[in-house]
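Dear colleague,

Please find the structure below, handed over for your reference. A summary of what was found in it follows directly after.

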Amino acid sequence: MTTSTARARREGRAMALKATQAALAAEHAAVYGYGVVGGRIGDDRLQEARDGYAAHRARRDALARTVRDLGGTPEGAAPAYALPFAVPDAAAAVRLAAELENRVAAVYADLVRAADGALRREAAGALREAAVRAVRWRGSGVAFPGLTERATTPGPTLGVPSASASAGEL
């Protein structure tokens with residue numbers, strides 16, 4: 001293996017690790033956010049909230065293992081997260097669930113770009129799952145989940161759509 005090839009592999013692994021850590025942070029935030037959703041959602045959608053919560057917990061745990069496999073130490077969850085808006089009722093809880101899924105999809109889009117092989121396939125699957133949940137919550141879809149939302153979302157100050165975002169923000 002040449003020096004440049006080894007360097008390229010190290011850089012690729014570092015990019016994948018950074019994107020995986022960002023996805024892990026987004027999953028921590030989604031788990032927290034779904035706790036809020038579950039506390040405010042109506043009975044008619046409570047099971048959907050529980051399913052989303054369970055899916056994000058499973059993804060979070062898998063990402064923690066992936067971070068370790070990539071040679072990193074998984075970032076822990078923040079003790080609390082700032083919500084992007086008040087969630088006083090079921091309608092706001094539905095909006096929050098859709099927003100959480102949009103933000104998770106954006107981070108997985110980054111991971112798809114940064115990874116290859118099995119990790120890229122896993123990230124693409126997670127992106128697809130988040131996009132499907134977002135459509136269910138929102139009632140409509142977007143052409144490019146994880147990408148188009150960025151044009152309308154102010155950015156990391158409200159959420160965790162990139163590796164540069166703070167873990168304490170939703």
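In this predicted model, glutamate 99 and arginine 103 are joined by a salt bridge between their side chains, at 2.3 Å from N to O. The two residues belong to helix 3 and are four residues apart, about one turn of the helix. In an α-helix there are 3.6 residues a turn, so residues three or four places apart point the same way. Both glutamate 99 and arginine 103 are buried.

Helix 3 also takes part in a salt bridge to another helix: the side chains of arginine 133 and glutamate 101 meet at 2.9 Å, N to O. Because arginine 133 lies in helix 4 and glutamate 101 in helix 3, this pair ties together parts that are 32 residues apart in sequence. Arginine 133 and glutamate 101 are both buried. In addition, Arg59, Glu122 and Glu129 are joined into one network by salt bridges that share partners.

A further salt bridge links glutamate 48 with arginine 45, whose closest N and O atoms are 2.9 Å apart. Glutamate 48 has 24% relative accessibility and therefore counts as partly exposed, whereas arginine 45, at 19%, counts as buried. The count of salt bridges comes to seven.

As for helix 3 itself, 20 of its 25 residues are buried, so that it is mostly covered. The helix comprises residues 90–114 and should span 36 Å at 1.5 Å a residue; its end C-alpha atoms are 36 Å apart, which agrees. At the start of helix 3, the backbone nitrogen of alanine 91 has a side-chain oxygen of aspartate 89 within 3.4 Å. Arginine 95 lies over the face of phenylalanine 85, at 5.0 Å from the ring centre.

The structure also holds two aromatic pairs. One of them is formed by tyrosine 32 and tyrosine 81; this pair is tilted, with 5.2 Å centre to centre and 55 degrees between the planes. Tyrosine 32 lies in helix 1 and tyrosine 81 in the loop between helix 2 and helix 3, so the pair ties together parts that are 49 residues apart in sequence. Tyrosine 32 counts as partly exposed at 29% relative accessibility, while tyrosine 81 counts as buried at 6%.

Tyrosine 34 and tryptophan 137 form a tilted aromatic pair as well, at 6.4 Å centre to centre and 50 degrees between the planes. This pair links distant parts of the chain, with tyrosine 34 in helix 1 and tryptophan 137 in helix 4, 103 residues apart. Tyrosine 34 is buried at 2% relative accessibility, and tryptophan 137 is buried with a relative accessible area of 4%.

With kind regards

How values were computed: Residues are numbered from 1 along each chain as its sequence is written. This is a predicted model: local features need pLDDT of at least 70, side-chain atom pairs count only at pLDDT 80 or more; totals for chains, interfaces and linings use all residues. Side-chain values use heavy atoms; hydrogens and water are left out. The expected span of a helix is 1.5 Å times one less than its number of residues. Buried means under 20% relative accessible area, exposed over 50%, partly exposed in between (1.4 Å probe, protein chains only). A polar contact is a pair of N or O atoms within 3.5 Å; within protein, one must be able to donate a hydrogen and the other to accept it, and residues adjacent in sequence count only if both atoms are side-chain atoms. Rings of Phe, Tyr and Trp (its six-membered ring) pair if their centres lie within 6.5 Å; planes under 30 degrees apart count as stacked, over 60 as edge-to-face and the rest as tilted. A charge sits over a ring if NZ of Lys or CZ of Arg is within 6 Å of the ring centre and within 35 degrees of the ring normal. A salt bridge is a side-chain nitrogen of Lys or Arg within 4 Å of a carboxyl oxygen of Asp or Glu.
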